[in-house]
Amino acid sequence: MIKNQQKYKGLVLGSIGLIVLVFAAFIYNQITSPAATHKSENSQKTQSVDSHLNSVHSLNTATATGDEIINTKDYEQFWIWTPPEDDAKLSQAHTLYILQGEIRPPNIPYYRPNTNENAVHAALATLTPQGLGVRSLSDKKIWLVYRATSQEWSDEVMTQLIERLEKWQRAGNQVMGLQIDYDAPTYQLDKYAKLLRHVRQQLPAHYQLSVTGLLDWSNQAEHPQFMQLSDAVDELVIQTYQGTTTLTNYSRYLKKLENLPFDFKVGIVEDGQWQGAAFLENNPHFKGYVVFLR
């Protein structure tokens with residue numbers, strides 16, 4: 001009997017102890033939970049404030065530099081190296097410069113071999129087709145663009161260039177002509193002008209000749225070497241970017257083109273930073289901007 005009473009008393013005490021432990025845990029949870037929630041809310045508020053401050057800093061930085069981001073919606077002339085993912089970009093375009101190939105020495109396969117050693121060992125340049133296939137873009141003015149890495153071309157190149165122009169013409173397009181994209185060193189502009197005159201002589205009269213140009217060329221804007229370009233080309237498009245980045249101090253170079261006596265445009269890059277070049281707009285030979293689509 002006594003043993004049973006002791007056993008029963010032990011069970012009661014054990015149950016009471018368990019209840020006390022559960023109640024203590026409940027009280028502790030009620031005390032600590034609001035503190036944790038308050039800490040989490042404070043952390044979220046701090047992150048929100050930091051994010052806002054970073055956003056304001058970025059905005060202030062952009063405002064301080066005076067730069068704008070080049071938006072394709074504001075322009076009507078474009079370079080196309082690959083088919084754009086968003087055709088809406090071209091809905092307002094009136095002029096397209098479309099890559100069609102590269103003119104390079106076959107024994108120097110990599111792009112833009114502008115070293116003296118490569119020039120000595122290079123074979124005559126041949127044409128490698130690239131870019132978009134022939135299609136009807138009848139509501140646009142079309143220029144066919146060819147990158148070049150050499151001024152020494154094989155005889156077949158011009159024949160191939162003219163054939164391609166005629167194919168685009170037969171597809172119902174308004175083909176303006178040919179554009180050569182060659183980074184001629186500024187000190188060799190006279191040699192480059194000689195090549196361009198040769199191209200001009202072979203090009204059918206109803207096609208025009210355009211060339212891209214380096215910003216550094218503007219340093220020779222009043223030099224006879226530079227002015228020789230006007231004898232060979234119908235327009236010059238000065239590029240203000242490298243890769244996908246706008247070059248610094250481009251405005252200082254463009255200033256030298258303010259009174260250029262033949263037609264020219266300024267090449268800019270999509271999403272690049274830009275402060276404008278309104279000082280060119282008083283020149284009747286300035287024909288606007290061409291945007292390189294990234």
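The following questions and answers concern a predicted model of one chain.

User: What makes the pair R147 and E102 a salt bridge?

Analyst: The closest N and O atoms of R147 and E102 are 3.9 Å apart. A salt bridge requires a side-chain nitrogen of Lys or Arg within 4 Å of a carboxyl oxygen of Asp or Glu, so the pair qualifies. R147 lies in strand 5 (residues 141-148) and E102 in strand 3 (residues 95-104), so the salt bridge ties together parts that are 45 residues apart in sequence. Both R147 and E102 are buried. R147 and E102 also belong to a network of salt bridges with R104.

User: Why is E152 called partly exposed?

Analyst: The relative accessible area of E152 is 40%. Buried means under 20% and exposed means over 50%, so a value of 40% falls in between and E152 counts as partly exposed.

User: What is the salt-bridge partner of E152, and is that partner buried or partly exposed?

Analyst: E152 forms a salt bridge with K191, with the closest N and O atoms 3.7 Å apart. E152 is in the loop between strand 5 and helix 3 (156-170), while K191 is in helix 4 (residues 189-202), so the pair ties together parts that are 39 residues apart in sequence. K191 has 39% relative accessibility and is therefore partly exposed.

User: How do you know that E235 and K265 form a salt bridge?

Analyst: The N to O distance between their side chains is 3.3 Å. The cut-off is 4 Å, so E235 and K265 meet it. E235 is in strand 8 and K265 in strand 11, so this pair ties together parts that are 30 residues apart in sequence. E235 is buried, and K265 is buried as well.

User: Why are strand 8 and strand 11 said to pair?

Analyst: Pairing needs at least two bridges between two strands; strand 8 and strand 11 (residues 264-269) have four, so they pair, and they do so in the parallel sense. V237 has K265 as its bridge partner in strand 11. Strand 8 also pairs with strand 7 (residues 208-213), again in the parallel sense over four bridges. Here G213 has I238 as its bridge partner in strand 8.

User: What makes strand 8 mostly covered?

Analyst: Strand 8 spans residues 235-239, and five of its five residues are buried. On one side these are E235, V237 and Q239, and on the other L236 and I238, so each has a relative accessible area under 20% and both faces are covered. In the chain as a whole, buried residues make up 39% of the 294 residues.

Key: Residues are numbered from 1 along each chain as its sequence is written. This is a predicted model: local features need pLDDT of at least 70, side-chain atom pairs count only at pLDDT 80 or more; totals for chains, interfaces and linings use all residues. Side-chain values use heavy atoms; hydrogens and water are left out. Buried means under 20% relative accessible area, exposed over 50%, partly exposed in between (1.4 Å probe, protein chains only).
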